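Q: Could you take a close look at one part of this model for me, a sheet and whatever packs on it? I'd like to know what sits where.

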Amino acid sequence: MDNMQKINKVLILGLGGAGGRVVQTLSSLPEASGLVICAFDTDRSALDRLTQLDENCKVLCDEQWLLGQGAGGDTMKGQRALSRESGKLQSLLSQTSLLVVLGGLGGGTATGGAGVISRLARTMSVPAVMLFELPFAFEGHVRCKTADDGLHGLLALSDTVLGIHNDLLFSVLPAETSFADAFRLADIELARAALGVIDVLLPGNMLAADLGDLSGILRNRKSQAAIGVGIGAEDCVADSCTAALSNLVDSPFLGGAAKLKEADAVIINLTGGDAMTLSEVKRTLEHANSMPGMAAQILIGANIKPELGTHVHLTAVAIKYDDRDPLAGSAVETAKTSVHRRKSRSKALEQPVQQTLPLTIATSGIFEGKTGTVIDGINLDIPTFVRRQIPIDTGE
Amino acid sequence: MFKTHNIITAVELGTSKVCVLIGEYSEEGLSVIGKGETDSSGAVVKGEIASMDLMIEKLIDAIEQADIQSGHELNNSSMFAVAVTGCDMDSLLGEGTAFIQNEERRISEEDIYEAVNNAKVQPLNVDRRLVNSFDAYYLLDGIRRSSQPLNQRASTLKACSHIIHGNSNRLENFAAILSDAGVDYEPEMIFSPVADMFGVLSEDELESGTLLIDFGAGTTEYAVVCNNGVLASGVLTIGFEHVANDLAIGLNLPIDFCRKILEDGTLARLTRENAVHFECRTKPGAVRKIPVESFNRIADARIREIFEIIRQKLGKESFWNNLASGCVLTGGGAEFFRTREIFNQVCDLPARIGKPFDANNVPVGLESPRYSTIFGVLRYAYLLALQNDSRRKNSLGSGLRDKISGFGDAFARTLKNLRSKMTN
């Protein structure tokens, strides 16, 4: 019995400023009841702003040295601050069966601290999923670089790291969306995504997709994730599934149906109330299944939660491997070792290793073959959105 | 015989259209008596003639249309003017000095001529050719800046002229095509944004400082107009065709379809109605839903970039503080519903859409930013022709003054600029 109770304990940990905000949003969602939620930050004022969170859940890290003034974008400070709180973290983790860490990479606290938490969770054999927002491109190169490096470092420490590009928000939200709304929406989406991931991973699923599957997909590979959550809330169950599907495709972080098409792996989970029938599950999942491309690895999960009633939650995590990043390195390594080991040389020759450049369509359409318009070495005949890498949903 | 002097013809060989206007002028002013227009359909790319054969076909077609409409007056034209753009157009600030030698050290008309002429004698490369020049301002004794130096006291007068020049071979194409089409005169050339200035700016805007942007199909030209002269100008060989092209590439649609929805207002209507998807049938049976947002994002990125480049180019020369009248956007691209808003966002200047105007009568069939350039060319030819006439009748100085008094002060300097062109 004790064991059962432990299994259902999920700890959601918001790290840093963005993490705190997401966690606060999460706590206000009705589905989050029964989850343990807490926020860790080095900035006292940021913590104070989280008025909806219980005081006990907020932890100001390393007050003694940082004086509650924040890590100021210094990842080393973030790392040290979280290390000093390892006692608190340990006691929290000891009662937990699944840890979900939420935060925004690019700053100090989350970027530096995530590694500490991840290491701690591993030594205590608590499964951990890390969900991180990656900064908007306009936040500047340094921040993006910090985030990128941070993500890179985490891969070695954790099996399941998901990075979600904030820029994806632009691809779906209409341009008139107010700035505040955009951020609020980003927080809600990330919170929903976290719940979706928990739905997938919680033991007791009818159709199982568990942490092993997830970490198998993500292990040691740098990847980008796009998470879409569709909620169907119609009176009629048949409608709610359809609504959930279309909501899923419109979900801001998913980046449109095109993103699903090009994903390397997709995790789809359907959670519904008691009223959900077999045919509904079959039809919805078949439909969702047909959205990713043929080569994609697909994990399917389905679950019943009586408290949902006629609501249906459909979660899709689209994962795209970042092949430009040689972290996996296995291919490169074989090539290196083959120089030393003559025997394996022929094998290496059979599989020539070629680094591929990222494929971008760089055509100038009707201006192909005409005198180019080149300013500062940039060919302006190539569409602006291609050069600036603005994601476009083509609706195909 | 007298009539022959009162007909003038303007020609624009644009990326989207070839247009010919025939005008008749009298003491009262200018009126348009004939208009011919044909689609360029690929004969012009980025403002320059790509196919001479196709172009000549289109041009003859347009000329005939205009000729018939005007009652066969074309051959009576005393002047042909043609708008030029592309051609690697560039500009420089030329300086020329005159020493005031009379006893009173009073600046006379002749001194101004001398300074202006000196300013125009600039070492251009052999492959460059002067297109237009404008007196930007004068410096008296090398320090005091003035726009009206006449009769002031100084020992030296320095004229600073804005000189627009382009690649001579490429410019020659414009003259050659007209002579191929049967025009016997050597045409007057005018840089497109300068023509726009005559076509769409009010007297107030000519005087107080305006940024003029002609967002055409193949090219985007800009000019900073101040004190009836041009302070800076340039051309960017990116135009509204690029927006259509970007859409075609990004959304995998035929380019003609993209041009159509941009021009006929479909996109504007969908955006106004807050439609989420644009449904199109590319294949029979299959309906494709393209988010309207995708169209707008691609178009916005391109238009924004064009304005950013212009802003950056002008920013180097710090003209932004001189733009009291804000900006006038014209050309076919100005009709697109997002253009002005994007301009406001990028440049933070008030903007209006410029259309051809006439103090007496708005020319029928030309009430669109598309016709700014061609109408400007006609007005330029008109002012030039007036100048010719007055020179023919009178001695230079007095005749000029008579004409000026008939026009109002605002055009005085413009005419002076034109005069300096003719003494060239």
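A: Sure, and keep in mind that this is a predicted model. Let's start with a pair of strands in chain B: β7(B) and β10(B), the latter covering residues 156–167, run antiparallel and share 10 bridges. If you want a spot to click on, try G94(B), whose bridge partner in β10(B) is S161(B).

Zoom out a bit and that pair turns out to belong to an open sheet of four strands in chain B, ordered β7-β10-β8-β9 with antiparallel pairing. At the edges you'll find β7 (90–99) and β9 (144–146) of chain B, each pairing on one side only. On average, neighbouring strands here are turned by 35° against each other, ignoring direction.

Now for the helices. Helix α2 of chain B, residues 109–120, packs on the sheet and touches β7, β8 (128–140) and β10 of chain B. The direction of α2 makes about 140° with that of β7(B). Then there's helix α3 of chain B (residues 168–180), which lies across β8 and β10 of chain B and runs at about 75° to β10(B).

While you have chain B open, have a look at a helix pair too. The axes of α9 (residues 292–315) and α10 (residues 339–347) of chain B come within 9 Å and cross at roughly 45°, so α9(B) and α10(B) are oblique to each other. Their crossing is right-handed. Residues making the contact include I303(B) and F307(B) from α9(B), and I342(B) and F343(B) from α10(B). By type, the contact residues split into six nonpolar, two polar and four charged.

Terms used. Residues numbered from 1 in each chain as written. Chains lettered and ligands numbered in written order. Predicted model: local features only at pLDDT ≥ 70, side-chain atom pairs only at ≥ 80, totals over all residues. Heavy atoms only, no water. Pairing = 2+ DSSP bridges. Helix = DSSP H or I, 4+ residues; strand = E, 2+ residues; numbered from the N terminus. Axes fitted to C-alpha atoms, helices over the stretch in contact; angles between N-to-C directions. Contact = heavy atoms within 4.5 Å. Parallel < 35°, antiparallel > 145°, perpendicular 65-115°, else oblique. Left-handed = near helix turned anticlockwise from the far one by under 90°. Nonpolar A, V, L, I, M, F, W, Y, C, P; charged D, E, K, R; others polar.
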